[in-house]
Amino acid sequence: MEIMSVELDVFVGNTTIMDEEVYQFWLDGYTVSDAVKVRMEGGVLEECEASAEVLQSDTMDQYRTFQMCERLLHTPAKLANQLLFQIPPHRQAMLIERYYAFDSAFVREVLGKKLSKGTKKDLDDVSLKTGITLKSCRRQFDNFKRVFKVVEELKGPLVENIQTHFLLSDKLARDYAAIVFFANNRFETGKRKLQYLSFQDFAFCAGQLISNWTVGAVDNMVEDMDVDLDKEFLQDLKDLKILITDKDLLDQHKSLVCTALRGKTKVYSEMEANFKNLSRGLINIAAKLTNTKDVRDLFIDLVEKFIEPCRSDRWTAADMKLFLIHYTNSAHILDTFKHQVTWDRYMGVIKSCILKMYHD
Amino acid sequence: MPGKLKAKIVAGRQLPVMDRASDLTDAFVEVKFGNTTFKTDVYPKSLNPQWNSEWFKFEVDDEDLQDEPLQITVLDHDTYSANDAIGKVYIDIDPLLSSEAATVISGWFPIYDTIHGIRGEINVLVKVDLFNDSNRFRQSSCGVKFFCTTSIPRCYRVVTVHGFVEELVVNEDPEYQWIDRIRTPRASNEARQRLISLMSGELQRKIGLKVLEMGGNAVVGYLQCFDLEGESGLVVRAIGTACTLDKLSSLPTAALPACNSPSRDMKEVPFSEDPNPNTHSSGPSTPLKNQTYSFSPSKSYSRQSSSSDTDLSLTPKTGMGSGGSVGKEGGPLKTLLRQQTQTALEQRGASSSRVFVRTMEFPFFTLTCFPPGFLVHVGGVVSARSVKLLDRIHNPDEPETRDAWWEEIRQEIKSHAKALGCHAVVGYSESTSICEEVCILSASGTAAILNSRFMQEGCLDSYSEHRLEEPSPPSCGFCHIPYDELNMPFPTHLTYCYNCRRQKVPDVLFTTIDLPVEAAITGKGCLIQARLCRLKKKAQGEANATAISNLLPFMEYELHTQLMNKLKLRGMNALFGLRIQISVGENMLVGLASATGVYLTALPSPGGIQIAGKTPSDIAYEQHISNMQKKINDTIAKNKELYEINPPKLFALDPEAFRGINTEIIEEAVGSPIPEPRQRSRLFRSHSESSDEVWELDLSHGKKDAFVLEIDDTDAVEDIHSLLTDAPPPVGFYSCNTEIMPGINNWTSALQMFTSVRVFRLSNVNMTNQGLNKIFNELCENLLKSLYFKLRSMAPCCLCHLNFVVAVPEEDLIQVAVTAVAMTFDKDQNQENWKPSTDKMLMKAISENEEQLQFPLELCTESPSSQPFSPSKGTGLQDGANVHNTSARASSQEKASPLPEGRSRSLRSTKSCSGSTVSVVKMTPLPFLPGTKIVKYLGIINMFFIRETTSLREEGGVSGFLHCFIAEVFSMVRAHVAALGGNAVVSYSMKECVFMENPNKNQAQCLINVSGDAVIFVRESELEAPTAPPHTSVAQNAGSGADGTT
């Protein structure tokens, strides 16, 4: 029988002491006892001549500190102005950055989904699938949702808004911009055929879309400027259909591309044989983007209509790049094609996205 | 004399949501002082209201200014029901009453609620206009400066040390009043907070009055405590040391360089043994009372204050008293009278100094750290305890019993000091432990002989009877025994000083003070703790008090023995900062003695510890004994290495050591050079009359008595085990409970103050004393280990001023609270640091210090009959050179500390770049911050908070609750300091942390009292540019330090 038990055990420093390693355990949703176990294996004990009790006490204490800070981390700007914890600025930045960091495995599961209660309820499945603790999944999900809610109604550039409100690094702010953008437009990312794509692939594409296809790309002082696609532009995209509906144009376009590529690629014949299909694929995607449903399917369409055929013909990334450059540029030479601006705005993004997405 | 208090409510931020429907708050603010209340407009629907109020003006007496806090209440306006309180801020405006402290209070304060904790922040501006400056000090004690610091505050010099001041005030505890049954916990807590705030203010004012009566202008080492006596009331008491301080032309570099940048190593310190076992007193004892010579030359003196003052007041009652109830119109008249009185006194003083030779009632000093040369000799620790039964204080205005109790204790301390041949007690402190209706009163200090030239005349018994031979070297002089070696107060074992070889030193010295700066030491110090639990039968009333009284001497004795053994186990010979607490609970007493062990070069090397078994014994037992002996010897050897204790061998061949009482010393002696016989004989000649007696003493108190541990029962075996279980701190860590770690000098600037609290529950199996001891011991050891672990990223570092407070809050609960500061140091330099320093170097440093202390030479005569100087005269008498110096420094200081507004702006501008409006405030229990100069003291911080919860589980259980509360207390301290324009709190302490829980009801309550000195510091590196001339003196000091260390 235990003759003595610790009833109360606290440590409070004038400068709040936080161990980054323990913080990560906390963020990862480890229980105190699991964290203690891992720390013991990590050898911190021998290093400091401490006992398991000491580790237990320290871990508990740190967990408590983090819990108390969590409320502040929800509005990071408060962390700098609160009086309760004296935390040096660089530590504050660390706390915030890590709190808002997310697991790429997790974000892939949630990307493009509605950040709703329903999705939150499914997090235990996500947890099971990814091996990330439910607690951590919830934190990450809540972060997404919180950022989404705050920036939703703000004017001005998305990345900047995220940065000023959440004090995140540029990189992390961009990732959040992508998450918000995907959640807002509900892009499909979960289909089996898209599984090979990483979050970073999508984040890159989101960056492209945000800077070229949104309202903000033309006007930088409207609400939701970086979150909503430019409707006029989407409407204009229908004009591109002429490139596949006009037989002459299609042939001209094909011959221009073929001339440029002849001798420069090993998959020339496959390209030549497939040109019309590929071009139809890309332009049909463009023409359909006025439908919200089709916007959601943008990525799956790109994969099915363009990437997969090329992949089955064993195009290399270099082949792909060469093709897309000439495919885009050749359209400028077509005299009867009048929609150069729309074409560039469309193809610039499509080209970058496909190149990013074209891998195993 | 009235003044005008002005307050402006600027804005609020991060207020809590008070209206669930709108998720917003309609906040307004009530500003109350005394009985006057102002309100701001309601700022509707905002969590960040901008009130920008007018200036609310209160016209008040300065007496009220001292007693009352400004009370700011933030409320949520509700049209249909009562307005809801969000929280309160109490602002102590005392710092604004002293011309040298802060001039404005401006900043964000946490809005505090005793049930919900901090709920948002409020920005407030407070100013005070005192109408008539010339009258300013007359009716109240406005302007008397208070310092928690137990040394002369940096940037001041001491003109005179007047002596001990004490006061206590009592009241009914609102928590126990009838009305408490019907009011809310919040109302009750607030009543209590407010009452204690008022009582502290009153106490401070009354102490201030005494200081003025004594002719001083400051209280240093101000120690205020609360006794929560439950049904019988609430006592707020304070002690301190009255001084006359002079601002060192605010030139930081002139301020006690030696203490400020703790940069000496070699100290030689002699001390004397603790007479503890003899000093215990229980129940009423009537010690001899010194007849106070009370002198009232003027009718102007009238004692009308309803304080706890008794006729025992130590203050010479020549000055002008000003009781609390003296009419205002009396002000100017009294001033006049006072001036006349003073003149008369001065004249009389000139003609017959006899008038002034008064014996101070209690020549006690709460200081623990002194200007060089102040301490002449140190006798040892004196302490007294007394067990009292509390009864209701019937008339709060006449708290005579409490006064009488303390007087009794002080008299006893005084007589102990006398027995040690000393005329003063330094490092003096008082404390209580209360359980139900039993109260243990404790006092302790260090008996000492002080250099009278630092004192106001008549402050101490003259000690002219003491040999005033050639002055002892500063590095060892204080170790020399003050008592008569023929008539020693306790058995000890004298040798000639290992440093100067001219006078006798004891073999071990215990003290409650910090290691004197000039002391020569060998190696480094370390924290030493003795821990002890004793079971006690539950009892009531008298029987309980008697039981406790009976246990106390045994506990003191055992703690003392443990300390002694642990000290020897570390190969050291002196303890500094000794603090013995004995806490009483319903079914046990817990004793904890903490001190910093050190090897004083002047004292002999301690003997080992020898184990003696039962006399008839078998071979196995002998074997066991010898194993244990070996373990002990190994530990000693290891510790010597760890703490770098390699005393210079040259002195190991003391005549006595040579005769071989202690084998260890002989071993050390072997192979070391043979002492020059001539020198030795010369020594003998000069003090020949005593050498024989010393010799005899040695024989009679040889090794057997002092160092032998007899293992004749299982207890003793346990004791030895527990001795050996104290683990040394991990590599890279040192710890001490004194201000700085003896032997470490090159502090770097990183610093982490912390508080850690643990409560342990003992399950009620049949517990033995042994079992309890073991648990308690482990508990303390584990706590230390946790601290080292927590702070591991700071290593190499030292935990300084480790202050343990134990309590037995309930049956089967033990609470330990620790506050300390971790400071980093430069390890590499440190290696070199304690190489032999020469006395010459020390002397030089000291003489420099003395110059900086600027004692007018004329006033430094040793003769007790010389004319006393009044503070005003003292300043007037500065010689030309000093005045010149001062003015030069003053001008440079101007630059270093600009006007408050400018300063606070500049402080704020150095804030983090992330747009934070929060300035960093450092906190430390030490009186200094390494690598910095304190340029201004802004006033005392003395705050009392209560926090209660009825949703303990939801707040994270008891740990979550207390963790949050302590963090809140820190933040409120920081906010107040920042609002005063400061950037640090020094001499910070948590004096009270009373925690009560009732998990079944999901409730807990905690009371915390903290104090410290708010200061402005500047980094030494930043100082260099603007203060070029003074900087040279810094460089010199640093240079001489470096010379000594390399």
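Biologist: Why is B:D67 called buried?

Modeller: B:D67 has a relative accessible area of 11%, and a residue is called buried when this value is under 20%, exposed when it is over 50%, and partly exposed in between (1.4 Å probe, protein chains only). Since 11% lies under 20%, B:D67 is therefore buried. Please keep in mind that this is a predicted model, in which local features need pLDDT of at least 70 and side-chain atom pairs count only at pLDDT 80 or more, while totals for chains, interfaces and linings use all residues. Residues are numbered from 1 along each chain as its sequence is written, chains are lettered from A and ligands numbered from 1 in the order in which they are written, and side-chain values use heavy atoms, with hydrogens and water left out.

Biologist: What makes B:D67 and B:R205 a salt bridge?

Modeller: The closest N and O atoms of B:D67 and B:R205 are 2.9 Å apart, and the rule asks for a side-chain nitrogen of Lys or Arg within 4 Å of a carboxyl oxygen of Asp or Glu, so this pair qualifies. B:D67 lies in helix 1 (residues 62–67) of chain B and B:R205 in helix 2 (residues 185–214) of chain B, so the salt bridge ties together parts that are 138 residues apart in sequence. Helices (H or I, at least four residues) and strands (E, at least two) are DSSP runs, numbered from the N terminus. B:R205, at 5% relative accessibility, also counts as buried.

Biologist: How do you know that B:K210 and B:E166 meet in a salt bridge?

Modeller: Their side chains come to 3.5 Å, N to O, which is within 4 Å, so the pair is counted. B:K210 is in helix 2 of chain B and B:E166 in strand 10 (residues 156–171) of chain B, so this salt bridge joins parts that are 44 residues apart in sequence. B:K210 has 4% relative accessibility and B:E166 has 8%, so both are buried.

Biologist: Why is A:D251 called partly exposed, although it also forms a salt bridge?

Modeller: The salt bridge of A:D251 with A:K276 has its closest N and O atoms 2.9 Å apart, and it links helix 16 (residues 247–261) of chain A with helix 17 (residues 268–288) of chain A, the two residues being 25 residues apart. The relative accessible area of A:D251 is 30%, and that of A:K276 is 23%, so both count as partly exposed. Over all chains, the whole structure holds 52 salt bridges.

Biologist: What makes a residue of chain A part of the contact with chain B?

Modeller: Contact means heavy atoms within 4.5 Å, and the contact takes 41 residues from chain A and 59 residues from chain B. The buried area, meaning the accessible area (1.4 Å probe) that two parts lose on being put together, summed over both, is about 4,400 Å² here, with carbon and sulfur atoms giving 60%. In chain A, the residues that lose the most area to chain B are A:E7, A:L8 and A:L83, together 18% of what that side buries.

Biologist: How do you know that A:E7 forms a salt bridge with B:R761?

Modeller: The closest N and O atoms of A:E7 and B:R761 are 2.9 Å apart, which is within 4 Å, so the rule is met. The count between chain A and chain B is five salt bridges.

Biologist: Why are strand 1 of chain A and strand 25 of chain B said to pair?

Modeller: Two strands pair if DSSP finds at least two bridges between them; strand 1 of chain A and strand 25 (residues 747–762) of chain B have nine, in the antiparallel sense, so they pair. One of the partners is B:V757, which is bridged to A:V10.

Biologist: What makes the link between B:R758 and A:S57 a polar contact?

Modeller: A polar contact is a pair of N or O atoms within 3.5 Å; within protein, one must be able to donate a hydrogen and the other to accept it, and residues adjacent in sequence count only if both atoms are side-chain atoms. The side chains of B:R758 and A:S57 make such a contact at 3.1 Å, and those of B:R758 and B:S786 at 2.6 Å. B:R758 sits in strand 25 of chain B, and with 5% relative accessibility it is buried.
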